[in-house]
Every structure is written in structure tokens, then in C-alpha cells.
Amino acid sequence: MLSLELGRHQMTEFLRQRGATPSQEPKQVQPSPLKTGIDTELFAADESILSTYTCAICMMVPSSPVIFPCDAEHIFCETCVATVSKCPHCREERNGRKLMQLRGATLRTFNNLKLKCERECGKWKGTIPDMKQHIN
């Protein structure tokens, strides 16, 4: 499992092992209000459900989730996986296929994951779509 303490060199090597070439490595991205993802400790969900929605690159629940175009349809942060040519989970080649948005039951389950505020207000609890409104 990928440690959250990786330095830039270690992350670059990790991405190379998973199919990213130096020209495909993620560029500096402006942080969004929700960062790349949301800390898994903020969720009140069953571990097995939460693991389905945890990005294997940053180990957070994506604030902008996408499905990698592999047979297993693994879920990642859009920012984390945008330039990766192989699925970090199963190593299946992307082969020019586009990332897909969550849909159907997967989207409904994701949108119903309950979490508490990542800021220190300590009072708010709700879903990811509600969180985006709460912090703005």
C-alpha cells in the first residue's frame, strides 16, 4: 500500500512503475477547496464500502471521482489518474480510452457516503455533494 509520506522522487518512481512516463507525470495542480481527495477518517462508512471509493494513488476518497477504463472499473481521483497510462490497481493498459464519470448505483452509493466536516466546525455532517456547498 502506498504511504502518505512519499516524497516527490518516490512518487515519481511509483508512477513510472505504474505506466506513467516522465512527460505524463502529474503537473502541479491548483488545490481545490476539497484538495484532491477527502481523508477517509472523516467518513462513517463500512470499511469494505469505503475501500471501493478510496483512490489507490493518494489513499483518499476522491472529491472528483472517475472510473479508470479497465475491465474492473477502478475508481480514482481525476487529478491523480489523469495522465496514467496503466491502471494502478490491475495494470491494464488505458489504450487511449477516456476516464469515465461515476454512474448508476456506483454514483448513488458514492453520493450517499456520510462524512463529517473536514474543517474544525465540528457540527456539520452530511454527504459529499453537501460538503462542497458547506465549505463554500
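This is a chat about contacts, strands and cysteines in a predicted model.

Student: Let's start with the rings. How many aromatic pairs are there?
Tutor: The count comes to two aromatic pairs.

Student: Take tyrosine 53 and phenylalanine 110. Why is that pair tilted?
Tutor: Their ring centres are 5.7 Å apart and their planes stand at 45 degrees. Planes under 30 degrees apart would count as stacked, and over 60 as edge-to-face. The angle of 45 degrees falls under neither heading, so the pair is tilted.

Student: Where do those two sit in the chain?
Tutor: Tyrosine 53 is in the loop between helix H2 (47–52) and strand E2 (61–62). Phenylalanine 110 is in helix H4, residues 104–111. They are 57 residues apart, so this pair links distant parts of the chain.

Student: Is tyrosine 53 buried or exposed?
Tutor: Tyrosine 53 is buried, at 5% relative accessibility. Phenylalanine 110 is buried too, with a relative accessible area of 3%.

Student: And the pair of phenylalanine 68 and phenylalanine 76, stacked or edge-to-face?
Tutor: Phenylalanine 68 and phenylalanine 76 are edge-to-face. The centres lie 6.2 Å apart, with 80 degrees between the planes.

Student: How accessible is phenylalanine 68?
Tutor: Its relative accessibility is 0%, so phenylalanine 68 counts as buried. Phenylalanine 76 also has a relative accessible area of 0% and is buried.

Student: New topic, the sheet. What order do the three strands take?
Tutor: The order is E4-E3-E5. The sheet is open, and the pairing is antiparallel.

Student: Which strands stand at the edges?
Tutor: Strand E4 (75–77) and strand E5 (100–101) do. Each has a single partner strand, so one side of each is left without a neighbour in the sheet.

Student: How many bridges join E3 to E4?
Tutor: Three bridges join strand E3, residues 65–67, to E4. One of the partnerships is isoleucine 67 with isoleucine 75 in E4.

Student: On to charges. How many salt bridges does the whole structure have?
Tutor: A search finds three salt bridges.

Student: What does arginine 103 bind to in a salt bridge?
Tutor: Arginine 103 forms a salt bridge with glutamate 73. Their closest N and O atoms are 2.9 Å apart.

Student: Where are arginine 103 and glutamate 73?
Tutor: Arginine 103 is in the loop between E5 and H4. Glutamate 73 is in the loop between E3 and E4. The two are 30 residues apart, and the pair links distant parts of the chain.

Student: How accessible are they?
Tutor: Arginine 103 is partly exposed, at 42%. Glutamate 73 is partly exposed as well, at 33%.

Student: What about glutamate 93 and lysine 86?
Tutor: Their side chains meet in a salt bridge at 3.7 Å, N to O. Glutamate 93 is partly exposed at 33%, and lysine 86 is partly exposed at 22%.

Student: And arginine 97 with glutamate 92?
Tutor: That salt bridge has an N to O distance of 3.2 Å. Arginine 97 is partly exposed at 32%, and glutamate 92 is partly exposed at 22%.

Student: Last topic, cysteines. How many disulfides does the structure hold?
Tutor: The structure holds zero disulfides.

Student: Why is cysteine 58 in no disulfide?
Tutor: The nearest cysteine sulfur, that of cysteine 77, is 3.5 Å away. A disulfide needs the sulfur atoms within 2.5 Å, so cysteine 58 is in none. Cysteine 58 is buried, with a relative accessible area of 14%.

Student: And cysteine 80?
Tutor: Cysteine 80 is in no disulfide; the nearest cysteine sulfur, that of cysteine 58, is 3.9 Å away. Cysteine 80 is buried, at 11%.

Notes
Residues numbered from 1 in each chain as written. Predicted model: local features only at pLDDT ≥ 70, side-chain atom pairs only at ≥ 80, totals over all residues. Heavy atoms only, no water. Phe/Tyr/Trp six-rings, centres within 6.5 Å; stacked < 30°, edge-to-face > 60°. Helix = DSSP H or I, 4+ residues; strand = E, 2+ residues; numbered from the N terminus. Buried < 20%, exposed > 50% of the residue type's maximum accessible area, 1.4 Å probe, protein only. Pairing = 2+ DSSP bridges. Salt bridge = Lys/Arg side-chain N within 4 Å of Asp/Glu carboxyl O.
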